[in-house]
Amino acid sequence: MSTILSASIIRVRDGLPLSASTDYEQSTGMQKYRKYFKMLSKKLAQLPDRCTLKTGHYNINFISSLGVSYMMLCTENYPNVLAFSFLDELQKEFITTYSMMKTNTAVRPYCFIEFDNFIQRTKQRYNNPRSLSTKINLSDMQMEIKLRPPYQIPMCELGSANGVTSVFSADYKGAAHQRLEPATLSGMVAFILSLLCGVLNLIRGFHAIESLLQSDGEDFNYIIAFFLGTAACLYQCYLLVYYTGWRNVKSFLTFGLICLCNMYLYELRNLWQLFFHVTVGAFVTLQIWLRQAQGKAPDYDV
């Protein structure tokens, strides 16, 4: 029999559950699908606004809008058009009932649990399609799904329900979507100084090329050292802004390259210039080390 089993309403930015069905089965099978809900809730900000996850005999569908996601679990043979029409009704009613300020400032899980009354009434209607009075609107939804079908989430992207996640999970430190802590004033100063050093190295590199073309006495290795210094400074800027795997190790290696380049350029720079470039490199490396990835989102019991 094709039915809707449960539904949840979740805040996108941090996975906080705002409301949910309270009559779903407490069997072992249903507990497994609750884990899928949890895993999805931590990745909502990274996923499209209309998705489907096929988990065998059951499907999880959800839509997201205005920072809130509406998620439901149904049997695999439940019609897509009815599933997303159901979610669309939940969305319209929730937006009408609660303001964005309320949803954005909510601090405790299930603070809108009274919305479950509407979820139950709507679920009963959609579990008996013959009683639906929105058949005209269903044709519109069917056309919308045909023109913009839901994104099918691969299971490998989500991970497994037993806690072992894939390389796309939020716990993977090299994930492309891993966010860093907010930038500090010292971090912004470090970014500007590193960019300045890169520009200075680039200008000196072009001057070295001009000298090489005008005279055979210029050492070509100086040009390489200037451009390597430029690349190292720009890469430090990148590490300061974005998260990558082995980020701290890369920052120390980059700082080492800056030191080597300046050692080689000893004859072309005075002590103050060498001190400035090496000190900026060390300062940026420290800021990269201090600006770490944000902690995991709270593990709300979705």
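A residue counts as buried when its relative accessible area is under 20%, as exposed when that area is over 50%, and as partly exposed in between. Keep this cut-off at hand for the exercises below, which work through a predicted model.

**Exercise 1. Describe helix H10: its span, its buried residues, their packing partners and its N-terminal cap.**

Solution.
- Step 1: start with the span. H10 covers residues 271-290, and its 20 residues reach 28 Å from the first C-alpha to the last, close to the 28 Å expected at 1.5 Å a residue.
- Step 2: apply the definition of buried. The residues of H10 that meet it are Leu274, His277, Val280, Gly281, Val284, Thr285, Gln287 and Ile288.
- Step 3: recall the helix geometry. An α-helix has 3.6 residues a turn, so residues three or four places apart point the same way.
- Step 4: look for the partners. The buried residues of H10 pack against helix H7 (185-214), helix H8 (220-241) and H9.
- Step 5: finish at the N-terminal end. Asparagine 270 caps H10 there, with a side-chain oxygen 3.1 Å from the backbone nitrogen of tryptophan 272.

**Exercise 2. Classify lysine 250 as buried, partly exposed or exposed, and list its surroundings.**

Solution.
- Step 1: place the residue. Lysine 250 belongs to helix H9, which runs over residues 247-264.
- Step 2: compare its accessibility with the cut-offs. Lysine 250 is partly exposed because its relative accessibility is 28%.
- Step 3: collect the contacts. Setting aside residues up to four places away in sequence, lysine 250 touches Tyr235, Leu239, Thr244 and Gly245.
- Step 4: check for a polar contact. The lysine 250 side chain reaches the backbone oxygen of glycine 245 at 3.2 Å.
- Step 5: add a backbone distance. Glutamine 236 is 14 residues from lysine 250 along the chain, and their C-alpha atoms are separated by 8.8 Å.

**Exercise 3. Work out the strand order of the sheet, then follow E1 to its partners.**

Solution.
- Step 1: trace the order. The six strands form an open sheet, E2-E1-E5-E4-E3-E6, with mixed pairing.
- Step 2: find the edges. These are E2 and strand E6 (151-152), each of which pairs on one side only.
- Step 3: take the E5 side of E1. E1 and E5 (residues 68-75) are antiparallel, with seven bridges; in one of the pairs, isoleucine 4 has cysteine 74 of E5 as its bridge partner.
- Step 4: take the E2 side. E1 and E2 (residues 17-20) are also antiparallel, over three bridges, and isoleucine 10 stands opposite proline 17 in E2.
- Step 5: inspect the connection. E1 and E2 make a hairpin with five residues between them, and glycine 15 in the turn has a positive phi of about 75°.
- Step 6: ask how covered E1 is. Eight of the eight residues in E1 (residues 4-11) are buried.

**Exercise 4. Find which residues and elements build the largest nonpolar core.**

Solution.
- Step 1: begin with the general tendency. In soluble globular proteins, nonpolar side chains tend to be buried together.
- Step 2: identify the best-connected members. The largest nonpolar core has 30 residues, of which Leu18 and Phe94 touch the most other members.
- Step 3: assign the contributions. E1, E5, helix H2 (80-97), helix H4 (116-126) and helix H5 (135-147) each supply at least two residues of this core, and H2 gives the most, with eight residues.
- Step 4: zoom in on leucine 18. Beyond four places in sequence, its contacts include Ile9, Val68, Phe94, Tyr110 and Phe112.
- Step 5: look for another core. A second, separate one has 16 residues, including Tyr33, Leu47, Leu53 and Met71.
- Step 6: return to H4. Its buried residues are Asp116, Phe118, Ile119, Gln120, Thr122, Lys123 and Tyr126, and their cover includes E1, E2 and H2.

**Exercise 5. Decide whether threonine 52 is buried or exposed, and name its contacts.**

Solution.
- Step 1: locate it. Threonine 52 is part of strand E3, residues 50-54.
- Step 2: apply the cut-off. Threonine 52 counts as buried because its relative accessibility is 1%.
- Step 3: list what touches it. Apart from neighbours within four places in sequence, threonine 52 contacts Ile60, Asn61, Phe84, Pro150, Tyr151, Gln152 and Ile153.
- Step 4: set this against the whole chain. Of the protein's 302 residues, 44% count as buried.

Notes. Residues are numbered from 1 along each chain as its sequence is written. This is a predicted model: local features need pLDDT of at least 70, side-chain atom pairs count only at pLDDT 80 or more; totals for chains, interfaces and linings use all residues. Side-chain values use heavy atoms; hydrogens and water are left out. Buried means under 20% relative accessible area, exposed over 50%, partly exposed in between (1.4 Å probe, protein chains only). Helices (H or I, at least four residues) and strands (E, at least two) are DSSP runs, numbered from the N terminus. Two strands pair if DSSP finds at least two bridges between them. Contact means heavy atoms within 4.5 Å. A polar contact is a pair of N or O atoms within 3.5 Å; within protein, one must be able to donate a hydrogen and the other to accept it, and residues adjacent in sequence count only if both atoms are side-chain atoms. A nonpolar core is a set of buried Ala, Val, Leu, Ile, Met, Phe, Trp, Tyr and Cys residues joined through side-chain atoms within 4.5 Å. The expected span of a helix is 1.5 Å times one less than its number of residues.
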